[in-house]
Amino acid sequence: MEENILQLRSVVISYPQRSWFFKRKKNATCAVEGISFFLPRGRILGIVGESGSGKSTLLKAIVKFIPIQKGNMIIDDSDVTFISQKEFFPYRRKIQIIPQDFCDTFNPKMSVAEILAEPLDIHFPRLSAKEKNARIVELLESVGLEDALLRRLPSELSGGQRQRLSIARGLAVNPEILICDEIVNACDLYTQKQILSLLTALSREKNIAILFVSHNIAVVAHFCHEILIVRHGRILETGTPYGVCSNPRHPYTQLLIDSIPQIEGEKIDVLHGSGRDSYA
Ligand SMILES: Nc1ncnc2c1ncn2[C@@H]1O[C@H](COP(=O)(O)OP(=O)(O)O)[C@@H](O)[C@H]1O
Ligand SMILES: [Mg+2]
């Protein structure tokens, strides 16, 4: 049986709501209402749902940017749900997130080399300058970028190159889980395909588990081993892309499939090429 690197059990996450007048906390808004799943090593799990369904909230909680109120989060065999930020530090290396607004997370004054050096300085402070430089070049190569870009600023890169840089930064500390939040939204279809192929290769070669979030079921179906359909902070259905798309059990899933763009009257075939085995 495959080993699960991450497990979520009935996770609930809410945001405190403030009264605009009294500045006091009112009833909380529940953004995630009891989500459970498991992610085996080296597998790709897709989470699909419309905007506002709680996807980013869930991902932020997994990396402890925001707290989980109820339920459990287990990494390897350790329950990390309520541990302190200090205790969570070793897990930060294991789990890397590429956020939805990843471009905003680049310091515009830092070069590509400096951007990649930053996580290495935090998590591997004992690396020599030579080892660090070698690692930076290796990282660029692993995402298909040339080392000629090392001195460039983020503003001097194309959208696709920035996307690859964000993946390289995520890979810098050898993560075991890579979390991708809507990372191909702004890409053209060709770049999108290249990025998805890159992620597939990374998960296969380095046995990295990937949690890939998108509002677009067509993207997720082509590339993930299993998908979760979420709405209003709950899971509506789960299964292999083929299973879910060929026989949607929930009208909302059908709606997501119906909203896939069409080319000259023909719907892009979400099922073709998605015959991966389930790990459920
Ligand atoms: N910082 C916040 N404070 C209060 N509510 C928030 C905050 N961030 C998100 N929400 C609310 O939580 C719900 C889920 O949002 P989000 O997780 O960003 O959804 P998605 O990523 O699926 O678009 C939405 O109703 C949103 O308005
Ligand atoms: Mg989001």
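## Helix α3 and its cover

In this predicted model, the residues that cover the buried part of helix α3 come from, among other places, α2 (85-94), α4 (129-142) and α5 (159-171). The buried residues of α3 itself are Val112, Ala113, Ile115, Leu116, Ala117, Pro119, Leu120 and His123.

## The chain as a whole

The chain contains nine helices and 12 strands, and of its 280 residues 50% count as buried. Among the contacts between residues at least 6 apart in sequence, 67% join residues that are at least 24 apart. The chain exposes about 14,500 Å² of surface, of which carbon and sulfur atoms supply 51%.

## The magnesium ion

The magnesium ion (ligand 2) has as its protein donors the OG atom of Ser56 and the OE1 atom of Gln100, which lie 2.1 to 2.4 Å from the ion. These two donors link distant parts of the chain, for they are 44 residues apart, with serine 56 in helix α1 (residues 55-62) and glutamine 100 in the loop between β6 (95-98) and α3 (112-123).

The two donors also fall into separate classes of accessibility. Serine 56 has a relative accessible area of 19% and therefore counts as buried, the limit being under 20%. Glutamine 100, with a relative accessibility of 42%, counts as partly exposed because this value lies between the limits of 20% and 50%.

## The surroundings of ligand 1

Ligand 1 is surrounded by Tyr15, Ala31, Glu50, Ser51, Gly52, Ser53, Gly54, Lys55, Ser56 and Thr57, so that Ser56 belongs to this shell and is also a protein donor of the magnesium ion. By residue class, the shell divides into two nonpolar, six polar and two charged residues. Helix α1 provides the largest share of the shell, namely three residues.

Oxygen atoms of ligand 1 have polar partners in both backbone and side chain. A polar backbone atom of glycine 52 is 2.6 Å from one oxygen atom of the ligand, and a backbone N or O atom of glycine 54 lies 3.1 Å from an oxygen atom of the ligand. From lysine 55, a polar side-chain atom lies 2.8 Å from an oxygen atom of ligand 1. On its own, ligand 1 has 570 Å² of accessible area, and the protein covers 58% of that area.

## Glutamate 182

Glutamate 182 is placed in the loop between β7 (177-181) and α6. With 6% relative accessibility, this residue counts as buried, since the limit is under 20%. Its side chain is joined to that of histidine 215 by a polar contact of 2.9 Å.

When neighbours within four places in sequence are left aside, glutamate 182 is in contact with Lys55, Gln100, Val213, Ser214 and His215. Two of these partners have already appeared above: Lys55 belongs to the shell around ligand 1, and Gln100 is a donor of the magnesium ion.

## Lysine 109 and threonine 200

Lysine 109 is found in the loop between β6 and α3, where its relative accessibility of 75% places it in the exposed class, because that class begins over 50%. Not counting residues up to four places away in sequence, lysine 109 touches Glu114 and Leu153. Its C-alpha atom is separated by 8.2 Å from that of proline 154, although the two residues are 45 residues apart along the chain.

Threonine 200, in helix α6 (residues 189-206), is buried, with a relative accessible area of 13%. Between threonine 200 and glycine 42 the C-alpha to C-alpha distance is 9.5 Å, while in sequence these residues are 158 residues apart.

## Residues with positive phi

Serine 10 has a phi near 45°, which is a positive value in a residue other than glycine. This serine lies in strand β1 (residues 4-18) and counts as partly exposed at 44% relative accessibility.

Aspartate 76 is likewise not a glycine and has a positive phi of about 55°. Its place is in the loop between β4 (70-75) and β5 (78-79), and at 17% relative accessibility aspartate 76 counts as buried.

Notes:
Residues numbered from 1 in each chain as written. Chains lettered and ligands numbered in written order. Predicted model: local features only at pLDDT ≥ 70, side-chain atom pairs only at ≥ 80, totals over all residues. Heavy atoms only, no water. Donors = N, O, S within 2.8 Å, 3.2 Å for Na, K, Ca; no water. Helix = DSSP H or I, 4+ residues; strand = E, 2+ residues; numbered from the N terminus. Buried < 20%, exposed > 50% of the residue type's maximum accessible area, 1.4 Å probe, protein only. Contact = heavy atoms within 4.5 Å. Near = heavy atom within 4 Å. Polar contact = N/O pair within 3.5 Å; in protein donor to acceptor, adjacent residues only side chain to side chain. Areas by Shrake-Rupley, 256 points an atom, 1.4 Å probe, with all protein chains shown as cover. Nonpolar A, V, L, I, M, F, W, Y, C, P; charged D, E, K, R; others polar.
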